[in-house]
Amino acid sequence: MGAAGVARKASGSEGLFHRIGAFLAEQGLSPEPGNYAFAYAVLSDPDSALAREVEAITTGGFRLRRDDLERLGLEIGTAPPPRRVDANPVFERQAEQLVAQTQAQVDGFADIVREMHNETHGFGRDLAESAAAITDATPVAVSELSRIAGAMLARVHDSEQRLARATDETEALRSKLAEARTAARRDPLTGLANRLALTEAFDARSSRDGPHCLALCDIDRFKRINDEHGHGVGDRVLGMIAKSLSESFGDYVVARYGGEEFAVLLTGVKLADAAAMLDEARASVGARRLRNRDTDAPIGAVTFSAGIVAIQEGESAEEAMDRADRLLYTAKAQGRDRVCAG
């Protein structure tokens, strides 16, 4: 059954609400107003031309592609077109906290420096006046100079301690920022690089390193695994695929691109060789026979389809990914569990 087919299974506003949520999750779309309006238009009228077209595209477990979303989104007049989920809410909260801590630290340093400046200015004036009077060499003048010097030393010592504490706090904050930067580039479920890290690696390529290839892989019939065995099993399957791809591609960049999609960036490898490596990884995954460790029920073989391209000179990450995406869907249309190269 395609994504729009669920519209015929229930009625009522509550049922429609749950079906919209299921549609957004299945298609990897965030629950923002534009995407919700798109899903509502599809599911509220299953006999509409839009719903029939979505049904035709998604029948067999296919997801809507980026160009499908843009075209269909414009047709129903929603704004903006639906977008894929990329955000990491946990990291976003951490980032907000770190920004606040950084601002507080900067403000604290500014206060310390301002206080030291004011104190230094006052000490300079007092010392100048005492120096002018010290020519008298009277006990009163010497005593006053000693008092000012002692007070200055005490305040300098206090400022040094505050600066030392602020420096320690800054070092701890710097460590947290480094950890946050790493977390921002890691998928929390699989531990792989995420889309941001993949894009950065793509942009950092050098022509001196030889040819570059980009692959996009999608687990076949992944929704069935979630439906039959639960999302916990689905997560473990994602982890298994991630580990297998990491082992197959060694030092190359392997990323979770989103949902059940993975991407691989290969450097210094020609397309034919890269496609052969990817096909070997596909065969290795497909040869496994999995079981649900909670129920001991067989899951069976888990396969993936893939598209791989040779990156062209001057091509952006999005352009190369779109070409790989088209080849991926060609592999799906040809029967799944295969690699298409181009």
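**Chatting through a predicted chain**

Q: How much accessible surface does the chain have?
A: The accessible surface is about 18,600 Å², and 54% of that belongs to carbon and sulfur atoms. Areas come from the Shrake-Rupley method with a 1.4 Å probe; for residues, only the protein chains shown count as cover.

Q: Anything to know about the model itself?
A: This is a predicted model, where local features need pLDDT of at least 70 and side-chain atom pairs count only at pLDDT 80 or more, while totals for chains, interfaces and linings use all residues. Residues are numbered from 1 along each chain as its sequence is written, and side-chain values use heavy atoms, leaving out hydrogens and water.

Q: OK, how many helices and strands?
A: The chain has 11 helices and seven strands. These are DSSP runs numbered from the N terminus: helices are H or I with at least four residues, strands E with at least two.

Q: And what share of the residues is buried?
A: Of the 342 residues, 40% are buried, meaning under 20% relative accessible area (exposed is over 50%, partly exposed in between; 1.4 Å probe, protein chains only).

Q: Let's turn to α9. Which of its residues are buried?
A: Among them are Val 233, Val 237, Leu 238, Ile 241 and Phe 249.

Q: What comes just after α9?
A: Gly 250, with a positive phi of about 50°.

Q: New topic: where is Tyr 40?
A: Tyr 40 sits in helix α2, residues 33-44.

Q: Buried or partly exposed?
A: Tyr 40 is partly exposed, at a relative accessible area of 43%.
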